Amino acid sequence: MIVDLPSSTTSAVNKKLVELREDGGVQALGRVLTLVIITDDGSAVEGAIEAANSASREHPCRVIVLASGQRKAAPRLDAQIRVGGDAGASEVIVLRGYGALAAPEAGAGMVTPLLLPDAPVVAWWPGEAPAVPSDDAVGRLAQRRITDALSSKNPVKAFEQRRAKHVAGDTDLTWTRLTPWRALLATALDAPPHEDVTSAVVAGEAVSPSTDLIAGWLVSRLGVKVKRSPAASGPGLVSVVLERPSGPVELLRPDGKVGSLRQPGQPDRLVALPRRELRDCLAEELRRLDPDEIYRAALAGVARTTRGRTPVTVPALAVSS
């Protein structure tokens, strides 16, 4: 069910939420957190809501969407409440502010009365994010702040801002997309012969924050020389090669879908490594509300990697039918 409240106020929105709770029983109860989505009004709003609705099935929450409208318009708040089938396992409140109400400080003022009492707050910028999320008006209300450097107009600049301005509680979906890669590499090193890694080479697209991050993660965890090189072909992160005395451990993904794990003395193993969907990344980040110290160490480790100039060519995988 979708209820539109044009030219409204936060007081009217709260009142309508109470009415919907009384009419629908306990559908508005049992929320574990408040997820605040900060974005510009437009086509991207529905994609963010869809991802939040999917994640809410694992983390029942109240979703508040701050969709900033035209700042040159007359001050106005258009609200919308979604419950039931239109809101997954959450309740969605969309606040479209115009004029002065499109400013960040005004957005925080509109969000505050709608926060769930005694529940943690998570702020998420699915597109452009402030240079310092923790200094943002909404970011100051949140225990966790989720950004996505790859969704910015300038991913390289956005990633450098994440590195330079990181505060406990910050995270970025470029890190979350690496979880399957990190799990496979850690599992491979847990198996015999248990040799130390002597060096590593990471290859990916020239503009790929995730590739930079996994290089920084390897430096921080292994304490060895790690080279970050461009890949001759392939999307995003393409390959990770860990050198050991008995031979290299290689995790290759030339097509962005299927990967191959290669280890000395073992047959090549094909693994599913598709580029992760937004809803899966968001659901993973909502599982933890404490600072991610491993992510912080990976950000710091990026400065200790070396840059390779020669593109790395990764052979195509032979996938049997």
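Leaving aside its neighbours within four places in sequence, which residues is Leu 189 in contact with? Before getting to that, bear in mind that this is a predicted model. Now to the list: Leu 189 is in contact with His 194, Val 197, Leu 222, Leu 242 and Arg 244, once its neighbours within four places in sequence are set aside. Leu 189 itself sits in helix α6. With a relative accessible area of 22%, Leu 189 is partly exposed, because the cut-off for buried is under 20%. For a sense of scale, try Pro 113: that residue and Leu 189 are 76 residues apart in sequence and 49 Å apart in space, going C-alpha to C-alpha.

Stay on α6 and look at Leu 185, which belongs to that helix too. Leu 185 counts as buried, at 1% relative accessibility. Leaving out neighbours within four places in sequence, you'll find Leu 185 in contact with Ile 214, Trp 217, Val 240, Leu 242 and Leu 251. Take the last of those: Leu 251 is 66 residues from Leu 185 in sequence, but the two are 7.6 Å apart in space, C-alpha to C-alpha.

Two of those partners, Ile 214 and Trp 217, lead us over to α7, where both take part in the contact with α6. So how do you describe a pair of helices like this? Two packed helices are described by the angle between their axes and the distance between the axes. Here, the axes of α6 and α7 come within 12 Å and cross at roughly 35°, and the crossing is right-handed. On the α6 side, the contact is made by Trp 181, Arg 182, Leu 185 and Leu 189, while α7 brings Ile 214, Trp 217 and Leu 222. Sorted by class, that gives six nonpolar residues, no polar ones and one charged residue.

From here it's a natural step to the core. In soluble globular proteins, nonpolar side chains tend to be buried together. In this model the largest nonpolar core has 32 residues, and those with the most contacts inside it are Ile 214 and Val 240. Several elements each supply at least two residues of this core: α4 (155-164), α6 (179-190), β9 (199-204), α7 (209-222), β11 (237-243), β12 (249-252) and α9 (293-302). The largest share, six residues, comes from α7. Zoom in on Ile 214 and, neighbours within four places in sequence aside, its contacts are Leu 178, Trp 181, Leu 185, Val 202, Leu 237 and Val 240. Apart from this core lies another one, of 26 residues, with Val 13, Ile 81, Leu 114 and Ala 137 among them.

Leu 114 gives us a handy way across to Arg 62: the side chain of Arg 62 reaches the backbone oxygen of Leu 114 at 2.7 Å. Arg 62 is in strand β3 (residues 61-68). Is this arginine, Arg 62, buried or exposed? Arg 62 counts as buried because its relative accessibility is 4%. With neighbours within four places in sequence left out, Arg 62 is in contact with Leu 17, Arg 21, Arg 31, Leu 33, Thr 34, Leu 35, Glu 91, Ile 93, Leu 114 and Leu 116.

Another residue to look at is Thr 39, in strand β2 (residues 33-40). Thr 39 is buried as well, with a relative accessible area of 13%. Not counting residues up to four places away in sequence, Thr 39 touches Val 45, Val 65, Leu 66, Ala 67, Ser 68 and Pro 126.

Last stop, the loops and their backbone quirks. The peptide bond from Pro 192 to Pro 193 is cis, with omega near 20°, and Pro 193 lies in the loop between α6 and β9. Ser 7 isn't a glycine, yet has a positive phi of about 45°. You'll find Ser 7 in the loop between β1 (2-5) and α1 (10-24), where Ser 7 is exposed with a relative accessible area of 54%. Asp 118, also not a glycine, has a positive phi of about 60°. Its home is the loop between α3 (104-111) and β6 (121-124), and at 86% relative accessibility Asp 118 counts as exposed.

Notes:
Residues are numbered from 1 along each chain as its sequence is written. This is a predicted model: local features need pLDDT of at least 70, side-chain atom pairs count only at pLDDT 80 or more; totals for chains, interfaces and linings use all residues. Side-chain values use heavy atoms; hydrogens and water are left out. A nonpolar core is a set of buried Ala, Val, Leu, Ile, Met, Phe, Trp, Tyr and Cys residues joined through side-chain atoms within 4.5 Å. Buried means under 20% relative accessible area, exposed over 50%, partly exposed in between (1.4 Å probe, protein chains only). Helices (H or I, at least four residues) and strands (E, at least two) are DSSP runs, numbered from the N terminus. Contact means heavy atoms within 4.5 Å. Axes are lines fitted to C-alpha atoms, for helices over the stretch in contact, and angles run from 0 to 180 degrees between N-to-C directions. A crossing is left-handed if the near helix is turned anticlockwise from the far one by less than a right angle, and right-handed if clockwise. Ala, Val, Leu, Ile, Met, Phe, Trp, Tyr, Cys and Pro count as nonpolar, Asp, Glu, Lys and Arg as charged, and the others, Gly among them, as polar. A polar contact is a pair of N or O atoms within 3.5 Å; within protein, one must be able to donate a hydrogen and the other to accept it, and residues adjacent in sequence count only if both atoms are side-chain atoms.
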